[in-house]
Amino acid sequence: MAIATALLVLLLAAPTVYGVQHIVGDASGWSTSVDYDSWAASNAFTVGDTLVFNYGSSHKVDIVNQADFASCSSSNSLKTYDDGATTITLSQPGPAYFICPSAGHCGNGMKLSVNVVAAGTPSGTPSTTPSTPTTPGSIVSPPPPKGAANTLDMNMLGFPLVLATLVAFMG
């Protein structure tokens, strides 16, 4: 019984962190037909979340700095992806900038800027931690479909049930 109690205490003390997976552009994906300013404004981004870019062969994803984002320049991109299904993890608080470097695409609105807040920061509250854009090689995931239950809420609900069952069988 002491082992079960110790296990219970350890499990309850260990923090569980889940990132949200955001599918950039929702069903439309990474394309020239999406208003990414509106899409970003309708989502909250936290460290640990991921962005998933789904796109065809005529597109790419470049991670850029703020100046290159504003000018649609990919000449100094921090990282370039061209696999058609890119997942980037938002690894630090602050702004992150993404563009499509294909000719004319960024200028026609195929660019995304997100403000990433530190974990535990209420959504909508900007982070005060200075940062640089997402580091090359980091990965971002898409959000759950609209109307879907929040993964964290479901896991937090299921955890006590599994734990209670485990303790009941052991005790």
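## Asp-62 and its neighbours

Let's start with one residue, Asp-62, and see who sits around it. Leaving out residues up to four places away in sequence, Asp-62 touches Ser-74, Ser-77, Lys-79, Thr-80, Tyr-81, Tyr-97, Phe-98, Ile-99 and Pro-101, where a contact means heavy atoms within 4.5 Å. This is a predicted model, in which local features need pLDDT of at least 70 and side-chain atom pairs count only at pLDDT 80 or more, while totals for chains, interfaces and linings use all residues. Residues are numbered from 1 along each chain as its sequence is written, and side-chain values use heavy atoms, with hydrogens and water left out.

You'll find Asp-62 in strand β4. Is Asp-62 buried or exposed? Asp-62 is buried, and buried here means under 20% relative accessible area, with exposed being over 50% and partly exposed in between (1.4 Å probe, protein chains only). Asp-62 has no salt bridge, and the nearest side chain of opposite charge, Lys-60, is 6.9 Å away. For the charges, Lys and Arg count as positive and Asp and Glu as negative, while His and the chain ends are not counted. A salt bridge needs a side-chain nitrogen of Lys or Arg within 4 Å of a carboxyl oxygen of Asp or Glu.

What Asp-62 does have is a side-chain polar contact with the side chain of Thr-80, at 2.8 Å. (A polar contact is a pair of N or O atoms within 3.5 Å; within protein, one must be able to donate a hydrogen and the other to accept it, and residues adjacent in sequence count only if both atoms are side-chain atoms.)

## The big picture

Now zoom out. The protein has four helices and eight strands, and along the sequence they follow the pattern α-β-α-β-β-β-α-β-β-β-β-α. Helices (H or I, at least four residues) and strands (E, at least two) are DSSP runs, numbered from the N terminus.

Of the 171 residues in the protein, 32% are buried. Take the contacts between residues at least 6 apart in sequence: 76% of them join residues at least 24 apart.

## One disulfide, and a cysteine left out

How many disulfides does a search of the whole structure find? One, with a disulfide being a pair of cysteine sulfur atoms within 2.5 Å. The partners are Cys-72 and Cys-106, whose sulfur atoms are 2.1 Å apart. The link is left-handed, with -70 degrees about the S-S bond. This pair connects distant parts of the chain, 34 residues apart: Cys-72 is in the loop between α3 (66-71) and β5 (79-81), and Cys-106 is in the loop between β7 (94-99) and β8 (111-117).

The two partners aren't equally hidden. Cys-72 counts as partly exposed because its relative accessibility is 28%, whereas Cys-106 is buried, at 4%. Cys-100 is in no disulfide; the nearest cysteine sulfur, that of Cys-106, is 8.2 Å away. Cys-100 is buried too, with a relative accessible area of 1%.

Ser-74 is another resident of the loop between α3 and β5. Ser-74 is partly exposed, at 27% relative accessibility. Ser-74 and Cys-106 are 32 residues apart in sequence, yet their C-alpha atoms are 9.7 Å apart in space. Not counting residues up to four places away in sequence, Ser-74 touches Asp-62, Ile-99 and Pro-101, so we're back where we began, in contact with Asp-62 by the 4.5 Å rule.

## Two nonpolar cores

In soluble globular proteins, nonpolar side chains tend to be buried together. A nonpolar core is a set of buried Ala, Val, Leu, Ile, Met, Phe, Trp, Tyr and Cys residues joined through side-chain atoms within 4.5 Å. Which residues have the most contacts inside the largest core? They are Trp-30, Leu-51, Phe-53, Phe-98, Leu-112 and Val-114, in a core of 22 residues. The elements giving two or more residues to this core are α2, β3 (50-54), β4 (61-64), β7 and β8. A second, separate core has five residues, including Val-64, Tyr-97, Ile-99 and Cys-106.

## Two positive phi angles

Asp-26 isn't a glycine, but it has a positive phi of about 50 degrees. Asp-26 is in the loop between β1 (21-23) and α2 (36-41), and it is partly exposed, at 32% relative accessibility. Cys-72, from the disulfide, also has a positive phi without being a glycine, at about 55 degrees.
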